[in-house]
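Trainee: Could you take me through one part of this model up close? I'd like to see how you'd read it from the atoms up.

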Amino acid sequence: MPELPEVEITRRGIEPFVLGRTITGVTVRNPNLRQRVPRNIARLVVGQRVEHLRRRGKYILFECEAGSLIVHLGMSGSLRVVEPKSAPRKHDHVDLVFGRSALRLHDPRRFGIVLWSRGDSSRHPLLARLGVEPLSEAFSPDFLYKITRGRNVGIKQLLMNAAAVVGVGNIYANESLFKAGIHPRLRAGRLSRERCARLVGAVRETLIAAIAAGGSSLRDFVHSDGASGYFQQDFYVYDRAALPCRICGAKIRAARLGQRSSFYCSTCQT
Ligand SMILES: [Zn+2]
């Protein structure tokens, strides 16, 4: 599933092809995504010029004068730049045409979203209740300390709650907690100020490293294979059950926490 770093890499990868450009056409081959692509999408967006291309959580916002096109990659989506007349592959559901190039949404599982929001997109129901951005200054040790007070939920679950902080998916929650030396099951309310600071630092570091690792795959956005934005990284704990901890050599443990696979080292994380 694309997580925040993959979405940010996608945003950076497509930005040179769409920023300042005017949308000249929309082709919808299959409107049945997580939410139905509006029937009148072409009428809404054709003629709009993309003034900013932003990311909010895992949404990509094509901000135009009259409103914003909101795109989400869902479980399996990717965007790539193609020639508008090139033959679509299976699961290439939507094209946004910008003159001589087009942005093509490939989404086998169809959990993606392509919607138009008139006016200020931050008030759109999909975006209005999102928590703070983990790479913004709002995600501070103080903030984490405040929102964890009195909370009995495990810290990993809280970290993955998009109403608190957006875009820290399962992989990056596991990795950040390892780096901060914090057990994923620790009650959020028991985090000390010092550990809040360490965790905030670890979350940022993990996401920034993932974005940097994806930077080398930027060229994929214009390649016909379009394996855009996904990249292999050397994880410390994620998907490494029973393998030796890279720090202490103990076996990495796996557990289900709040329906999600959790991986941790019970020596390094307390
Ligand atoms: Zn360890």
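Mentor: Sure, let's start at S68. Setting aside the neighbours within four places in sequence, S68 touches F62, E63, L115, W116, S117, G119 and S121. Keep in mind as we go that this is a predicted model. S68 belongs to strand 4, which covers residues 67-72. Is S68 buried or exposed? Its relative accessibility is 3%, so S68 counts as buried, the cut-off for that being under 20%.

The end of that strand takes us on to the pocket: strand 4 runs over residues 67-72, and H72 is among the residues nearest the centre of the largest pocket, along with M1, K58, G169 and R260. In total 22 residues line that pocket, and the space in it comes to about 500 Å³. Sorted by type, the lining has 12 nonpolar residues, six polar ones and four charged ones.

Now for the metal. Four cysteine sulfurs hold the zinc ion, the SG atoms of C245, C248, C265 and C268, at 2.3 to 2.4 Å. Along the chain these donors follow the pattern C-x2-C-x16-C-x2-C. The geometry is tetrahedral, with angles among the four donor atoms of 98 to 116°. For reference, the ideal angle for four tetrahedral donors is 109.5 degrees. Look at accessibility for two of the donors as well: C265 is buried because its relative accessible area is 0%, while C268, at 24%, counts as partly exposed.

Technical notes. Residues are numbered from 1 along each chain as its sequence is written. This is a predicted model: local features need pLDDT of at least 70, side-chain atom pairs count only at pLDDT 80 or more; totals for chains, interfaces and linings use all residues. Side-chain values use heavy atoms; hydrogens and water are left out. Donors are N, O and S atoms within 2.8 Å of the metal (3.2 Å for Na, K and Ca); water is not among the atoms, so sites may look incomplete. Four donors count as tetrahedral if all angles lie between 85 and 135 degrees; four count as square planar and six as octahedral if opposite donors are over 155 degrees apart and all others between 65 and 115; anything else is irregular. Buried means under 20% relative accessible area, exposed over 50%, partly exposed in between (1.4 Å probe, protein chains only). On a 1 Å grid over the protein atoms alone, a cavity is a set of points where a 1.4 Å probe fits but cannot get out, and a pocket is an open set with protein on both sides within 12 Å along at least five of seven lines; lining residues have an atom within 4 Å of a point. Grid points are joined across faces, edges and corners, and a volume is the space filled by probe spheres set on the points. Ala, Val, Leu, Ile, Met, Phe, Trp, Tyr, Cys and Pro count as nonpolar, Asp, Glu, Lys and Arg as charged, and the others, Gly among them, as polar. Helices (H or I, at least four residues) and strands (E, at least two) are DSSP runs, numbered from the N terminus. Contact means heavy atoms within 4.5 Å.
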